[in-house]
Amino acid sequence: MRKLLTVLIALLVLLVVLAAASMGWALPPDTPAGAATYKAQCMSCHGPDGAGTSAGRSLNVLDLRSPAVQDQSDAQLEQIIKNGINNMPAFGDSLSDQEIAAVAAHVRTFGKQTRTTASH
Ligand code: HEC
């Protein structure tokens with residue numbers, strides 16, 4: 001009985017990993033470092049959940065949970081964070097590529113939150 005359970009759990013884990021891989025998660029998983037960078041560098045404009053603060057909205061910030069943002073590739077998001085766009089400042093000088101990848105992975109978590117709560 002024990003053995004069967006172990007096999008079932010192993011299969012379940014494999015399935016989850018395969019599902020994740022098929023969705024094309026090229027970025028590293030969301031990390032405490034990514035969340036901390038977000039909090040320190042991005043939250044003043046983008047808010048804790050990516051919706052945008054009033055300061056951010058006065059700069060025409062985009063809702064980070066929206067498809068307009070989430071449908072872009074990981075590489076595009078990293079480019080935008082690195083080089084900036086319109087009123088969005090560039091972070092290429094203040095953040096390493098690793099930090100940018102980590103913070104982009106954190107931005108991705110906002111999209112997952114909407115996707116799981118959105119009605120289809
Ligand atoms: C000074 C305010 C400000 C700060 C700080 C800021 N942003 Fe932005 N961000 C903006 C604005 C304004 C836009 C909308 C730009 C546009 O018009 O496309 C934006 C857009 C974005 C987009 C979507 C860009 C697009 O065109 O799809 C991403 C992703 C993003 N920001 C991530 C970040 C991350 C990550 C950080 C922290 C490292 C950050 N932002 C810090 C103001 C800010």
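The ligand is surrounded by 24 residues, of which C42, C45, N86, N87 and M88 come nearest; a residue counts as near a molecule if its C-beta atom, placed from the backbone, lies within 6 Å of it. The model is predicted: local features need pLDDT of at least 70, side-chain atom pairs count only at pLDDT 80 or more, and totals for chains, interfaces and linings use all residues. Residue numbers start from 1 along each chain as its sequence is written.

The shell around the ligand comprises 16 nonpolar and 8 polar residues, with no charged ones. In this classification Ala, Val, Leu, Ile, Met, Phe, Trp, Tyr, Cys and Pro are nonpolar, Asp, Glu, Lys and Arg are charged, and the others, Gly among them, are polar. At least two shell residues come from each of α3 (43–46), α6 (74–83) and α7 (97–117).

The protein chain contains 7 helices and 0 strands, where helices (H or I, at least four residues) and strands (E, at least two) are DSSP runs numbered from the N terminus. Of its 120 residues, 19% are buried, that is, 20 or more other C-beta atoms lie within 10 Å of their own.

The largest nonpolar core (buried Ala, Val, Leu, Ile, Met, Phe, Trp, Tyr and Cys residues joined through C-beta atoms within 7 Å) has 14 residues, and L77, I81, I100, A101, V103, A104 and V107 touch the most other members. Two or more residues of this core are given by α6 and by α7, with α7 giving the most, 8 residues. Residues up to four places away in sequence aside, I100 touches E78, I81, K82, F91 and L95, contact being C-beta atoms, placed from the backbone, within 7 Å.

Note on methods: A residue is buried if 20 or more other C-beta atoms lie within 10 Å of its own, exposed if 12 or fewer, and partly exposed in between; C-beta atoms are placed from the backbone. Two residues are in contact if their C-beta atoms, placed from the backbone, lie within 7 Å.
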